[in-house]
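Work through these exercises with the sequence and the model side by side. Try each task before reading its solution.

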Amino acid sequence: MLAIKNNHLIDAVLGGFFEAGGYMKMEVRSYTRPAKSGGSIHLTSVTPIVGYSDSNNKKLLYLKSLFGGGIHKEKDKNSVRWYIKSRKITPLLEAIQRYAPSWQTFIEEFYNWSVAEDVETKVEIAKGINRMSNPQPRDRVSVEEYRKFVAIPQFLAGVFEARGALYKSIRPDNLLDSPIIAIHSQNYNLLRAIQEKYGGGINNTLRKRDRSLTYVLGKHQSQKFLEEIKPYLFSSFVISP
């Protein structure tokens, strides 16, 4: 298992992980509380949140072992969510900032939030982040920019950890099992950059009621991909039927 002490190694893995999956947002909440002089006080809080959902609880426990945070079952979904809030996000953002280009605006605004002295400024920061493209408030990163990250095996290991799966396929010529890789993500330019390096195809799919993209590699492409990323995986993978 990778250790947080191996900074450059784990930073690249985590960067790929959160480029392919994960989410960030600024939660704005208004509430009231009793005033000492009577009546009530109206207050507003702004809380940055970073999270990741998956059906593999081991991945979430690994993230929690590195950064803390909480884990809970998602309502009406066959998945579990890990999340971390407020200033506790700082070590994670420091880890991924060199290897997560689509997170750069959120990282910058998080630091602006951390030094803002009044809640009005924090609310404006939150509005700016939350107005950005959904479902993730991410920067638009070109295929060309992703190429330099796709050249890093640790980054690709993170992408696979976040949204990859290994499936069985049947070769029609001899009916031998041939494991193939599929990566499910909404980040088209990231998948396109990986496709440029390894070949394969990208298809639109509907997974668990959410529309996303599926990038599928052939047998030999999958073997090459796995050989390059296997030393940097932090969880064991299984072949899905």
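**Exercise 1. Place His 220 in this predicted model: which helix holds it, and is it buried or exposed?**

Solution.
- Step 1. Find the helix. His 220 sits in helix H9.
- Step 2. Take its relative accessible area, which is 60%.
- Step 3. Apply the cut-off: exposed means over 50%. His 220 is therefore exposed.
- Step 4. Look across the fold. Tyr 198 is 22 residues from His 220 in sequence, yet their C-alpha atoms are 9.5 Å apart in space.

**Exercise 2. Describe how H7 packs against H9, and say which residues make the contact.**

Solution.
- Step 1. Recall the two quantities to look for. A pair of packed helices is described by the angle between the axes and the distance between them.
- Step 2. Read them off. H7 and helix H9 (residues 219–229) pack at about 110°, with axes 8 Å apart.
- Step 3. Classify the angle. The range from 65 to 115 degrees counts as roughly perpendicular, so H7 is roughly perpendicular to H9.
- Step 4. Add the hand. H7 and H9 cross in a left-handed way.
- Step 5. List the residues. H7 brings Pro 153, Leu 156, Ala 157 and Phe 160, while H9 brings Phe 225, Glu 228 and Ile 229.
- Step 6. Sort them by class. The contact of H7 with H9 has six nonpolar residues, no polar ones and one charged.

**Exercise 3. Now describe how H7 meets H8.**

Solution.
- Step 1. Locate the pair. Helix H7 covers residues 153–163, and helix H8 covers residues 188–198.
- Step 2. Take the geometry. Their axes come within 13 Å and cross at roughly 120°.
- Step 3. Classify. An angle of 65 to 115 degrees would be roughly perpendicular, and one over 145 roughly antiparallel. H7 and H8 are therefore oblique to each other.
- Step 4. Give the hand: the crossing of H7 and H8 is left-handed.
- Step 5. Name the partners. Phe 155, Leu 156 and Val 159 of H7 touch Leu 190, Ile 194, Lys 197 and Tyr 198 of H8.
- Step 6. Count by class. The contact of H7 with H8 holds six nonpolar residues, no polar ones and one charged.

**Exercise 4. What are the angle, the hand and the residue classes where H6 packs on H8?**

Solution.
- Step 1. Helix H6 spans residues 143–150, and its axis comes within 8 Å of that of H8. The two cross at roughly 60°.
- Step 2. H6 and H8 are therefore oblique.
- Step 3. The crossing of H6 and H8 is right-handed.
- Step 4. From H6 come Val 143, Tyr 146, Arg 147 and Val 150. Their partners in H8 are Asn 189, Leu 190, Arg 192, Ala 193, Ile 194, Glu 196 and Lys 197.
- Step 5. By class, the contact of H6 with H8 has six nonpolar residues, one polar and four charged.

**Exercise 5. Which residues touch the most other members of the largest nonpolar core, and which helix gives the most to it?**

Solution.
- Step 1. Start from the general trend. Nonpolar side chains tend to be buried together in soluble globular proteins.
- Step 2. Pick out the hubs. The largest nonpolar core has 62 residues, and Phe 18, Val 50, Trp 82, Ile 96, Trp 103, Ile 194 and Phe 225 touch the most other members.
- Step 3. Find the top contributor. Helix H1 (residues 7–20) gives the most to this core, with seven residues.
- Step 4. Follow one hub. Leaving out residues up to four places away in sequence, Ile 194 touches Val 150, Leu 156, Val 159, Gly 199, Tyr 215 and Phe 225.

**Exercise 6. Where does Ser 86 lie, and what does it touch?**

Solution.
- Step 1. Ser 86 is in the loop between strand S4 (80–85) and helix H3 (90–96).
- Step 2. Its relative accessible area is 27%, so Ser 86 is partly exposed.
- Step 3. Check the backbone. Ser 86 is not a glycine, yet its phi is positive, about 55°.
- Step 4. Not counting residues up to four places away in sequence, Ser 86 touches Thr 47, Pro 48, Phe 110 and Trp 113.

Methods
Residues numbered from 1 in each chain as written. Predicted model: local features only at pLDDT ≥ 70, side-chain atom pairs only at ≥ 80, totals over all residues. Heavy atoms only, no water. Axes fitted to C-alpha atoms, helices over the stretch in contact; angles between N-to-C directions. Helix = DSSP H or I, 4+ residues; strand = E, 2+ residues; numbered from the N terminus. Parallel < 35°, antiparallel > 145°, perpendicular 65-115°, else oblique. Left-handed = near helix turned anticlockwise from the far one by under 90°. Contact = heavy atoms within 4.5 Å. Nonpolar A, V, L, I, M, F, W, Y, C, P; charged D, E, K, R; others polar. Core = buried A, V, L, I, M, F, W, Y, C linked by side-chain atoms within 4.5 Å. Buried < 20%, exposed > 50% of the residue type's maximum accessible area, 1.4 Å probe, protein only.
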